[in-house]
Amino acid sequence: DAEGLLRIKEENQKHYRRAQRHQEKKEKIQKHNHKLGDLVEKKMYDLKTQYEHLANLRRTHILELTSVIFPIEEVKTSMRDPADVSSESDNAMTSSTVSKLAEARRTTYLSGRWVCDDHNGDTSISITGPWITLPNNGDYSAYYNWVEEKKTTQGPDMEHNNPAYTISAALCYATQLVNTLSLILDVNLPKKLCNRQFCGENLSRHRFTRAVKKLNANILHLCFSQHVNLDLLHPLHTLRNLMYLVSPDTENLGR
């Protein structure tokens with residue numbers, strides 16, 4: 001029993017010495033991890049600083065781009081209701097006649113039927129200049145109405161101020177701006193849309209609406225990536241959403 005007890009004591013001493021070595025190794029690993037933690041924290045701070053610097057550069061480039069090449073502004077059309085003008089000129093006009101005139105102003109003959117065409121306000125959004133605008137409510141029916149009329153009308157088109165031209169030009173510039181913003185912000189767009197999509201060839205109604213949906217989806221994707229206030233966005237307001245995206249008031253622009 002004494003020999004067995006002595007043998008057990010020797011084994012316990014070996015285990016104790018081994019435990020001490022393990023404790024020293026554990027302390028060394030903890031010191032090493034602490035040093036790595038400090039290094040990682042410093043690197044993360046440097047990375048955050050670089051991200052902020054990069055965001056400021058992106059923001060500066062975007063604001064220069066949208067102030068010099070692609071300015072987007074709200075344009076007041078100041079159109080008066082014909083019913084109001086008529087009522088001022090003829091005090092004897094009945095209220096029913098005034099309401100009928102107002103209703104006629106808000107309807108358009110489209111594809112063989114009358115449809116409501118209320119623009120919800122007297123404003124529009126311009127890009128690259130006040131002469132290239134899009135309707136405030138996202139109604140681009142003037143374009144494919146013009147295309148359908150061109151199919152039935154022969155001869156050259158002499159209407160240089162046709163709203164279809166301004167709609168096509170505005171959508172073309174908006175597409176070019178969105179593709180440029182995706183490069184600056186390093187954000188992949190969900191829909192592929194080339195800059196010349198709305199130029200040159202007259203698009204059918206189906207192709208036109210499909211291209212507009214792609215453009216609106218890309219703009220909303222950029223707005224989501226830059227944390228634009230969702231209460232300001234509308235899925236059909238092409239240039240208005242773009243205006244909110246590149247606004248100097250957008251705090252996270254460039255992130």
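1. Which residues of H7 are buried? They are Thr 238, Leu 239, Arg 240, Asn 241, Leu 242, Met 243 and Leu 245. This is a predicted model, and the points below should be read with that in mind.

2. Overall layout. The protein chain holds 7 helices and 5 strands. Starting at the N terminus, the order of elements is α-β-α-α-β-β-β-β-α-α-α-α. The chain has 255 residues, and 32% of them are buried. Among contacts with a separation of 6 or more, 62% are between residues 24 or more positions apart.

3. Helix H1. This helix covers residues 2–69, which is 68 residues. From the first C-alpha to the last, H1 reaches 97 Å, close to the 100 Å expected at 1.5 Å a residue. The buried residues of H1 are Gly 4, Ala 55, Arg 58, Arg 59, Ile 62, Leu 65 and Thr 66. A student can check the spacing in that list: an α-helix has 3.6 residues a turn, so residues three or four places apart point the same way. The cover over the buried residues of H1 includes strand S1 (72–76) and H5.

4. The annotated stretch. An unreviewed UniProt entry places a "coiled-coil region" at residues 5–42. In the model, residues 5–42 are 100% helix and 0% strand. The C-alpha atoms at the two ends of this stretch are 55 Å apart.

5. Asn 56 in H1. Asn 56 lies in helix H1. It counts as partly exposed because its relative accessibility is 48%, and the range for that class runs from 20% to 50%. Its C-alpha atom is separated by 6.6 Å from that of Gly 254, although the two residues are 198 residues apart along the chain.

6. Helix H5 by itself. H5 has 23 residues, so at 1.5 Å a residue it should span 33 Å. Its end C-alpha atoms are 32 Å apart, which agrees. After H5 comes Asp 186, with a positive phi near 60°.

7. How H5 meets H6. Helix H5 takes in residues 163–185 and helix H6 residues 205–225. Their axes come within 10 Å and cross at roughly 35°, and the crossing is left-handed. On the H5 side, the residues in contact are Ile 167, Leu 171, Ala 174, Thr 175, Val 178, Leu 181, Ser 182 and Leu 185. On the H6 side they are Phe 208, Val 212, Leu 215, Asn 218, Ile 219 and Leu 222. Sorted by class, this contact has 11 nonpolar, 3 polar and no charged residues.

8. The loop between H5 and H6. Two residues of this loop deserve a look. Asp 186 is found there and counts as exposed because its relative accessibility is 60%, where the class needs over 50%. Most residues other than glycine have a negative phi. Asp 186 is not a glycine, yet its phi is positive, about 60°. Asn 195 lies in this loop too and, at 34% relative accessibility, counts as partly exposed. Leaving out residues up to four places away in sequence, Asn 195 touches Cys 172, Thr 175, Gln 176 and Asn 179. The C-alpha atoms of Asn 195 and Val 178 are separated by 9.3 Å, with their positions 17 residues apart along the chain.

9. Thr 128. This residue sits in the loop between strand S4 (123–127) and strand S5 (133–135). Thr 128 has a positive phi near 65° and is a residue other than glycine.

10. His 237 and helix H7. His 237 is in the loop between H6 and helix H7 (238–245). Why does His 237 count as buried? Its relative accessibility is 18%, and buried means under 20%. Beyond residues up to four places away in sequence, His 237 touches Asn 136, Asn 137 and Gly 138. H7 itself is mostly covered, with 7 of its 8 residues buried. Those buried residues pack against S1, S4, S5, H5 and H6.

Definitions and conventions: Residues numbered from 1 in each chain as written. Predicted model: local features only at pLDDT ≥ 70, side-chain atom pairs only at ≥ 80, totals over all residues. Heavy atoms only, no water. UniProt positions renumbered as here; feature names shortened; annotations may be inferred. Helix = DSSP H or I, 4+ residues; strand = E, 2+ residues; numbered from the N terminus. Axes fitted to C-alpha atoms, helices over the stretch in contact; angles between N-to-C directions. Left-handed = near helix turned anticlockwise from the far one by under 90°. Contact = heavy atoms within 4.5 Å. Nonpolar A, V, L, I, M, F, W, Y, C, P; charged D, E, K, R; others polar. Expected span 1.5 Å × (residues − 1). Buried < 20%, exposed > 50% of the residue type's maximum accessible area, 1.4 Å probe, protein only.
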